[in-house]
Amino acid sequence: MTTALVTGPTAGIGRQFAIQLASAGHDLILVARDETRLTELELELNSSYGTRCEVLPADLSKRSALKTIEKRLADPERPVDWLVNNAGFGLAKPFLKTTVEDEQRLLDVLVTAPMRLTHAALPGMVERRQGRVIVVSSFASWITGGTYSAAKAWATVFVEGLASELSNTGVNATALCPGFVRTEFHQRAGVDIAGIPDQMWLDPADVVSKAIKDCDNGSVLSVPGLQYQALASLLRVSPRTLVRRVSS
């Protein structure tokens, strides 16, 4: 039986990862701050798929909590086959109007946590010559949308850098780079999404299904939606002056 660890699985994209990995027969380790919602998800997955779940309540902005999850990932007696770095959040205010504490928490969750958890998981995966790592990045990694974009740019390039290191190891790493997804993310972040055309919205189940297939197939980047694939290709070859102008 294989095991998958998913951070931020209680809603949106993370919840879909938990559901789809459970339906594929994986046992799960569920990591999030809200223990009540984690327990509810554990009961749901066990009832629907017979999945064995390990619940690890943790605030990934806290180094002590991170160390607990790192220790679990590195345990050779209980190997983890899939790591999904999904936990995240956004800040609705521009950089000059946020607190430095909020900005630090953003970096801790979006950058430090995926780096440390991946670093803990990979040695065992490489030794066993099997494993899958997904880092949930964003289409925002190709624009200049404040510190959220900066953090997601790190995530995308981080995975691209891992690709060469993991060549011929049996381990795949994929950066998932979706655009607008119908989840509670924007509402919780207080981000105004009025005026976003319907055709720009993605379904979380489709996003996750593609990400899992792409990771299994060894794709380094997973960009769901033809509209975002076209835009991503254009942005990646556009002059940065144009990207900055369009982003603003």
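**Figure 1. Strand 4 and strand 5 pair side by side in this predicted model.** Strand 4 and strand 5 (residues 131–136) run in the parallel sense and are paired over four bridges, and in one part of this pairing V84 has I134 of strand 5 as its bridge partner. Strand 4 is also joined by three bridges to strand 1 (residues 3–7), again in parallel, and here the bridge partner of V6 is V84. Both faces of strand 4 (residues 82–85) are covered, since W82 and V84 on one side and L83 and N85 on the other are all buried. Together with helix 4 (residues 100–128), strand 4 and strand 5 make a right-handed β-α-β unit.

**Figure 2. The wider sheet is open and has seven strands.** Its strands follow the order 3-2-1-4-5-6-9, and their pairing is parallel. Strand 3 and strand 9 (221–222) are the edge strands, each of which pairs on one side only. Further along the sheet, strand 5 is joined to strand 6 (residues 171–176) by six bridges in a parallel arrangement, and V133 stands opposite A173 of strand 6.

**Figure 3. Salt bridges link parts of the chain that are distant in sequence.** Side chains of opposite charge can pair when their charged atoms come close. The whole structure holds eleven salt bridges, and one of these joins R78 to E54, with the closest N and O atoms 3.7 Å apart. R78 lies in the loop between helix 3 (63–73) and strand 4, whereas E54 belongs to strand 3, 24 residues away. R78 counts as partly exposed because its relative accessibility is 40%, and E54, at 23%, is also counted as partly exposed. In another pair, E70 and R116 have their closest N and O atoms 2.7 Å apart; E70 lies in helix 3 and R116 in helix 4, so this pair ties together parts that are 46 residues apart in sequence. A further salt bridge connects R132 with D216 at 3.0 Å, linking strand 5 to helix 7 (residues 204–216) across 84 residues. R132 counts as buried at 17% relative accessibility, while D216 counts as partly exposed at 40%. Salt bridges with shared partners also join E54, R72, D75 and R78 into one network.

**Figure 4. The second largest pocket has a volume of about 180 Å³.** The pocket is lined by 13 residues, of which T3, D27, R52, E54 and R72 are the closest to its centre. Strand 2 (27–32) and strand 3 (53–57) each give two or more residues to the lining, and strand 2 supplies the largest share, three residues. By class, the lining consists of five nonpolar, one polar and seven charged residues.

Technical notes
Residues numbered from 1 in each chain as written. Predicted model: local features only at pLDDT ≥ 70, side-chain atom pairs only at ≥ 80, totals over all residues. Heavy atoms only, no water. 1 Å grid on protein atoms, 1.4 Å probe; cavity = no way out; pocket = protein on both sides within 12 Å on 5 of 7 lines; lining within 4 Å. Points joined across faces, edges and corners; volume = space filled by probe spheres on them. Nonpolar A, V, L, I, M, F, W, Y, C, P; charged D, E, K, R; others polar. Buried < 20%, exposed > 50% of the residue type's maximum accessible area, 1.4 Å probe, protein only. Pairing = 2+ DSSP bridges. Right-handed = clockwise from strand over helix to strand, strands pointing away. Salt bridge = Lys/Arg side-chain N within 4 Å of Asp/Glu carboxyl O.
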